Amino acid sequence: MLDYVDGSSLAGPMRELFAVDVTAVEGRCAGCGLAGPLANLRVYGHDHGPGVVGRCPGCDEVILRLVRTPTDAWLDLRGAVSLRFSM
Amino acid sequence: MSPGFSGRRQPAGPKLPPGQYLTQDFPVLSAGPTPRVPLDTWEFTVITETGERHTWSWAELTALPAEDVTVDIHCVTKWSKLQTHWRGVPIATLLDDVETAADFALAHSYGGYTTNVPLDDLLDGQAWIAYEFEGEPLAPEHGGPARLLVPHLYFWKSAKWVRGLQLLLEDEPGFWETAGYHDYGDPWREQRYQGD
């Protein structure tokens, strides 16, 4: 059994923060340089974890982390070189 | 008895910290793939603030005097599990011959996870490198071959797949602590998030 789900699961939790559907946004991994839509990430912690962790499908490095507390959302994108939004 | 109480799913007993519910399962929460670490290459390293390294192989770790401990564990995602049985080596034993002036430790794991704990919270019978759970070798999904066990703090501090401790003069937040979680994480004071 896989212990992760695909990045399309980010659509719900990220919609609170972004006006666009981020799963179609192209991200580039700071670890290995692989680029692709966030929907391709491997997402851990989706099932009642402390937060969601999106990892690169190429090198498993962390690309994004999102923690939702009762009052705040914490978004860490250190693992992404860039996010490319199609305008 | 107040009828309002009859419908409660998991009544909080006196042994549970605030906001926690009791579970009989052992839920698996992961921030990444489960590392599989062969015992012949596994090692545990303490690095002091001066860069001095102390390393134990699996054989060396398991040759040290171990303790059997029965403790309650509390996950920040609100489940608690009571009376869990572990076997492991007290952190104090590993630090016996380590010269340090550090007040803080950052635990590092295979797979890249980190978490910070004040050094005092790892001593005096409060923390272990645990390698057995309920009489069996600790399974990989629960952090085996060995995990940090610091049961008086929320369980994210009990780093799975632990590979070392970095001793520090200044506190350095770890994986969840840099993303909104509390630096200390005392379940009895419900220190889940920064500012709690």
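Analyst: A pocket is an open set of grid points with protein on both sides within 12 Å along at least five of seven lines. The model here is predicted.

User: What is the general idea behind such a search, and how much space lies in the second largest pocket?

Analyst: Rolling a probe the size of a water molecule over the atoms shows where empty space is left. In this model, the second largest pocket holds about 690 Å³ of space.

User: Which residues lie nearest the centre of the second largest pocket, and how does its lining divide by class?

Analyst: Nearest the centre are Gly45(A), Asp47(A), His48(A), Gly49(A) and Leu29(B), out of 31 lining residues. The lining divides into 17 nonpolar, 8 polar and 6 charged residues. Strand 6 of chain A supplies the largest share of that lining, 3 residues.

User: What is the volume of the largest pocket, and which residues are closest to its centre?

Analyst: The volume of the largest pocket is about 800 Å³. Its lining comprises 42 residues, and those closest to the centre are Arg55(A), Ala31(B), Tyr113(B), Phe175(B) and Trp176(B). By class, 23 of the lining residues are nonpolar, 11 polar and 8 charged. Strand 6 of chain A, residues 62-68, gives the most to the lining of the largest pocket, with 3 residues.

User: Where does strand 6 of chain A sit in its sheet?

Analyst: A sheet is read from its pairings: two strands pair if at least two bridges are found between them. In chain A, an open sheet of 5 strands runs in the order 1-4-5-6-7, with antiparallel pairing. Strand 1 (5-6) and strand 7 (73-76) of chain A each have a single partner strand, so one side of each has no neighbour in the sheet. Strand 6 of chain A pairs with strand 5 (residues 52-55) of chain A in the antiparallel sense over 4 bridges. Arg55(A), which is among the residues closest to the centre of the largest pocket, has Val62(A) in strand 6 of chain A as its bridge partner.

User: How many salt bridges are there over all chains, and how many between chain B and chain A?

Analyst: The cut-off for a salt bridge is 4 Å, from a side-chain nitrogen of Lys or Arg to a carboxyl oxygen of Asp or Glu. Over all chains there are 8 salt bridges. One example is the pair of Arg68(A) and Glu16(A), at 2.7 Å from N to O. That pair links distant parts of the chain, 52 residues apart: Arg68(A) is in strand 6 of chain A, and Glu16(A) is in the loop between helix 1 (11-15) and strand 2 (26-29) of chain A. Between chain B and chain A the count is 0.

User: What does the contact consist of, then?

Analyst: The contact involves 19 residues from chain A and 17 residues from chain B. The two chains bury about 1,400 Å² between them, with 64% of it on carbon and sulfur atoms.

User: Which backbone angles should I look at in chain B?

Analyst: Most residues other than glycine have a negative phi, and most peptide bonds are trans. Lys78(B) has a positive phi, near 95°, and sits in the loop between strand 4 (67-74) and strand 5 (79-90) of chain B. The peptide bond joining Gly144(B) and Pro145(B) is cis, with omega about 15°. Pro145(B) belongs to the loop between strand 9 (136-137) and strand 10 (147-149) of chain B.

How values were computed. Residues numbered from 1 in each chain as written. Chains lettered and ligands numbered in written order. Predicted model: local features only at pLDDT ≥ 70, side-chain atom pairs only at ≥ 80, totals over all residues. Heavy atoms only, no water. 1 Å grid on protein atoms, 1.4 Å probe; cavity = no way out; pocket = protein on both sides within 12 Å on 5 of 7 lines; lining within 4 Å. Points joined across faces, edges and corners; volume = space filled by probe spheres on them. Helix = DSSP H or I, 4+ residues; strand = E, 2+ residues; numbered from the N terminus. Nonpolar A, V, L, I, M, F, W, Y, C, P; charged D, E, K, R; others polar. Contact = heavy atoms within 4.5 Å. Buried area = accessible area lost by both parts, 1.4 Å probe.
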